[in-house]
Amino acid sequence: MVRRASAALGVGAALVAGATTGFLLERAIVRGRLVPTVEQPAVPLGSLEGEVTTLAGPRGTTLRVETYGRADAPQLVLAHGWVCTGRAWHEQVLRLAERYRIVTYDQPGHGRSTGPDSGRYDLDLLGDAFARVVEACTQPGPVLVAGHSLGGMTVLNAARRYPELVHDRLAGPVLLSTTSSARAERLTLEVGIRAAARLDRGIRRLVPTLRDPRVLILD
């Protein structure tokens, strides 16, 4: 009887050990497939810094602008998307700055650009800010512009409000993952931008405690 009990316990222990080993092995294999090793980029994301300019923008905003490349090169102005910053164009700047004069900026209420005195955001504000950047931070001559998501709406809105800008300066637009400004007029940008700003501050406080090298904060 004792031998049978001991044998049963031995078999049970072996089964538990086998199941545990199988679980851990499966977890290691699955984790290796789902969470691959992340190689650090040669140039850390968000680390590129251009010539910094601070502009007085529309409605009391202050706009942070960064410029890269030779002053006599073909000009490219980039407008980032919702809750991003000008540093979101890292890969484009990295690959194009040798051939183009690239201008990036933080949209009002994003990054290091301040929001309007009234606290009210709309596409007219963003279009006016974009036109101000083109006017103040580019050389005379044609300008190629690109906008991603909200940046694309910004470019379209600036073209609607400043037709002379399109006629006199625009070499061509590139619109990425965006829509027309007509549909976007229904959006309430103010709440979203403020909520994202609070979330951003919370993440910046939390990330240093995690110490995960895969987490990158673009500033």
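Contact means heavy atoms within 4.5 Å. The exercises below use this cut-off on a predicted model.

**Exercise 1. Find the strands that helix α4 lies across, and give its angle to β5.**

Step 1. Locate the helix: α4 covers residues 150–161.
Step 2. List the strands: α4 lies across β3 (75–79), β4 (101–105), β5 (143–148) and β6.
Step 3. Give the direction: α4 runs at about 135° to β5.

**Exercise 2. Work out the order of the strands in the sheet and say which strands stand at the edges.**

Step 1. Count the elements: the protein has 7 helices and 6 strands. From the N terminus on, they run α-β-β-β-α-β-α-β-α-α-β-α-α.
Step 2. Write the order: the 6 strands form an open sheet, β1-β2-β4-β3-β5-β6, with mixed pairing.
Step 3. Find the edges: β1 (51–56) and β6 (170–176) each have a single partner strand, so one side of each is left without a neighbour in the sheet.
Step 4. Add the twist, which averages 20° from one strand to the next.

**Exercise 3. State which way the strands run in the pairs β1 with β2, β3 with β5, and β5 with β6.**

Step 1. Recall the principle: strands of a sheet pair through backbone hydrogen bonds, either parallel or antiparallel.
Step 2. Take β1 and β2 (residues 62–68): they run antiparallel and are joined by 6 bridges. Within this pair, E51 has T67 in β2 as its bridge partner.
Step 3. Take β3 and β5: they run parallel, with 5 bridges. Here L78 stands opposite A146 in β5.
Step 4. Take β5 and β6: they run parallel, with 6 bridges. The bridge partner of V143 in β6 is L170.

**Exercise 4. Describe the largest nonpolar core and the contacts of F130.**

Step 1. Give the size: the largest nonpolar core has 16 residues. V65, V77, F130 and V133 have the most contacts inside it.
Step 2. Name the contributors: β2, β3, β4, α3 (123–137), β5 and α4 give two or more residues each. Helix α3 gives the most, with 5 residues.
Step 3. List what F130 touches, not counting residues up to four places away in sequence: V77, A79, Y105, V145, T154, V155 and A158.
Step 4. Note that another core, of 7 residues, lies apart from this one; L76, L78, W89 and V93 are among its members.

**Exercise 5. Decide whether each partner in three salt bridges is buried, partly exposed or exposed, and place each pair in the chain.**

Step 1. Recall the cut-offs: buried means under 20% relative accessible area, exposed over 50%, and partly exposed in between.
Step 2. Take R59 and D122, whose side chains meet at 3.0 Å, N to O. R59 is partly exposed at 35%, whereas D122 is buried at 11%. R59 is in the loop between β1 and β2 and D122 in the loop between β4 and α3, so the pair ties together parts 63 residues apart in sequence.
Step 3. Take E66 and R87, which meet at 2.8 Å, N to O. E66 lies in strand β2 and R87 in the loop between β3 and α2 (90–96), 21 residues apart. E66 is buried at 5%, and R87 is buried at 12%.
Step 4. Take E91 and R95, with their closest N and O atoms 2.2 Å apart. Both lie in helix α2, 4 residues apart, about one turn of the helix. E91 is partly exposed at 34%, whereas R95 is exposed at 55%.

Key:
Residues are numbered from 1 along each chain as its sequence is written. This is a predicted model: local features need pLDDT of at least 70, side-chain atom pairs count only at pLDDT 80 or more; totals for chains, interfaces and linings use all residues. Side-chain values use heavy atoms; hydrogens and water are left out. Two strands pair if DSSP finds at least two bridges between them. Axes are lines fitted to C-alpha atoms, for helices over the stretch in contact, and angles run from 0 to 180 degrees between N-to-C directions. A nonpolar core is a set of buried Ala, Val, Leu, Ile, Met, Phe, Trp, Tyr and Cys residues joined through side-chain atoms within 4.5 Å. Buried means under 20% relative accessible area, exposed over 50%, partly exposed in between (1.4 Å probe, protein chains only). A salt bridge is a side-chain nitrogen of Lys or Arg within 4 Å of a carboxyl oxygen of Asp or Glu.
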